[in-house]
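Hi there,

I am handing over the structure we talked about, so please open it alongside this email. My notes on what turned up follow below.

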Amino acid sequence: MLRTLQNISISLVKNPRLLYFSFDCCPMSLCNSQSVPVIQVASLKNLRPLDSYDDIVMPEKPRLPLLLKVPNVMKPLKEPRKLIDLRGPATEGTELELDQFGLQATTAGYLKHGHFEMMRLTINRFMDTRRMFAIWRVEAPYKPITKKGQGQRMGGGKGSIDHYVTPVKPGRIVVEIGGKCELQEVEKVLKELTKKLPFRSKIVTPKVLEDDAMEEKRIEESNDNEWTFKRVVEGNYLGISKYLGPYDYKWYGKYR
């Protein structure tokens, strides 16, 4: 079926007169010719040539690799919560490397080793490795999370390390899928991943990222309300500075 559609598209490119499927919509200059074949199929009017994917280079290992559950360090050190790792927009990993399809986080959250395994098994079972491949865009779990045993009294110092996580900020690309495929083929598996991740996420393409940036710029430029959060904060109206923190002056209430 695919080979048949490809042959039809090539013939339409070479002979555009085949796009006219009836004499009613055919120009007079073409209708007068007796050698013009007529195809009585209206759906062929909007048929476009198939993509060749000549610029796609398949890697040696197309499947997602297994990530370590514990970082390979000699002596793991405990550290505080550092919730700044989750606050604010992502400053790296916000663009698609393959320029095809990916999964982008829209809220913050922690990725455990079980989440990485869920994504790896789901994508690897779905992929056709002859024409698809996937890559990670986030690091393996590296941040230690401590926990005390059940029933212990207060005090006694910080608990022992229980597991490791990877903090993800809004706007970060988590995983990418590329190869000789279209969005309709990978949309199903990416939608399944969005339901299982511990934070909200969405499917993105280069066009989606570009449209989001343009829409954000349009909303900011077309705002008719002069009393924006930024103006109120910078002008310290009604003494609002005593209720604000340092991050309100940095992101103006966007990431709270």
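**What I found**

Strands β2 and β5 run antiparallel, and three bridges join them, with β5 covering residues 160–168. One partnership to look at is that of Gly 109, whose bridge partner in β5 is Val 168. Please keep in mind throughout that this is a predicted model.

**The three-stranded sheet**

That pair belongs to an open sheet of three strands, ordered β2-β5-β4, with antiparallel pairing. At the edges are β2 (109–111) and β4 (143–147), each of which pairs on one side only. From one strand to the next, the twist averages 55°. Helix α3 (residues 113–126) packs on this sheet and touches β2 and β5. The direction of α3 makes about 70° with that of β2.

**The four-stranded sheet**

There is also an open sheet of four strands, again with antiparallel pairing, in the order β3-β6-β1-β7. Its edge strands are β3 (132–136) and β7 (201–204), and each pairs on one side only. On average, neighbouring strands here are turned by 20° against each other, direction ignored. Within the sheet, β1 and β7 run antiparallel and are joined by four bridges. If you would like a residue to start from, Gly 102 stands opposite Val 204 in β7.

Which helices lie on this sheet? Helix α3 lies across β3 and β6 (173–179), running at about 170° to β3. Helix α4 packs on the sheet as well, where it touches β1, β3, β6 and β7. The direction of α4 makes about 25° with that of β1.

**Where the two helices meet**

How do α3 and α4 cross? The axes of α3 and α4 (residues 183–196) come within 11 Å and cross at roughly 160°. Because that angle is over 145 degrees, α3 counts as roughly antiparallel to α4. The crossing of the two helices is right-handed.

From α3, the contact is made by His 115, Met 118, Met 119, Thr 122, Ile 123 and Phe 126. From α4 come Glu 185, Val 186, Val 189, Glu 192, Leu 193 and Lys 196. Sorted by character, the residues of this α3 and α4 contact divide into seven nonpolar, two polar and three charged.

**The chain as a whole**

Stepping back, the protein chain has seven helices and seven strands. Read from the N terminus on, the elements run α-α-β-β-α-β-β-β-β-α-β-α-α-α. Of its 256 residues, 30% count as buried. Among contacts between residues at least 6 apart in sequence, 77% join residues at least 24 apart.

**One loop residue**

Last, have a look at Asp 55, which is found in the loop between α2 (28–31) and β1 (101–105). Is Asp 55 buried or exposed? Asp 55 has a relative accessible area of 64%, and since exposed means over 50%, Asp 55 is exposed. Asp 55 and Lys 180 are 125 residues apart in sequence, while their C-alpha atoms are 9.6 Å apart in space.

Happy browsing, and do write back with any questions.

Best wishes

Conventions:
Residues are numbered from 1 along each chain as its sequence is written. This is a predicted model: local features need pLDDT of at least 70, side-chain atom pairs count only at pLDDT 80 or more; totals for chains, interfaces and linings use all residues. Side-chain values use heavy atoms; hydrogens and water are left out. Two strands pair if DSSP finds at least two bridges between them. Axes are lines fitted to C-alpha atoms, for helices over the stretch in contact, and angles run from 0 to 180 degrees between N-to-C directions. Contact means heavy atoms within 4.5 Å. Angles under 35 degrees count as roughly parallel, over 145 as roughly antiparallel, 65 to 115 as roughly perpendicular and the rest as oblique. A crossing is left-handed if the near helix is turned anticlockwise from the far one by less than a right angle, and right-handed if clockwise. Ala, Val, Leu, Ile, Met, Phe, Trp, Tyr, Cys and Pro count as nonpolar, Asp, Glu, Lys and Arg as charged, and the others, Gly among them, as polar. Buried means under 20% relative accessible area, exposed over 50%, partly exposed in between (1.4 Å probe, protein chains only).
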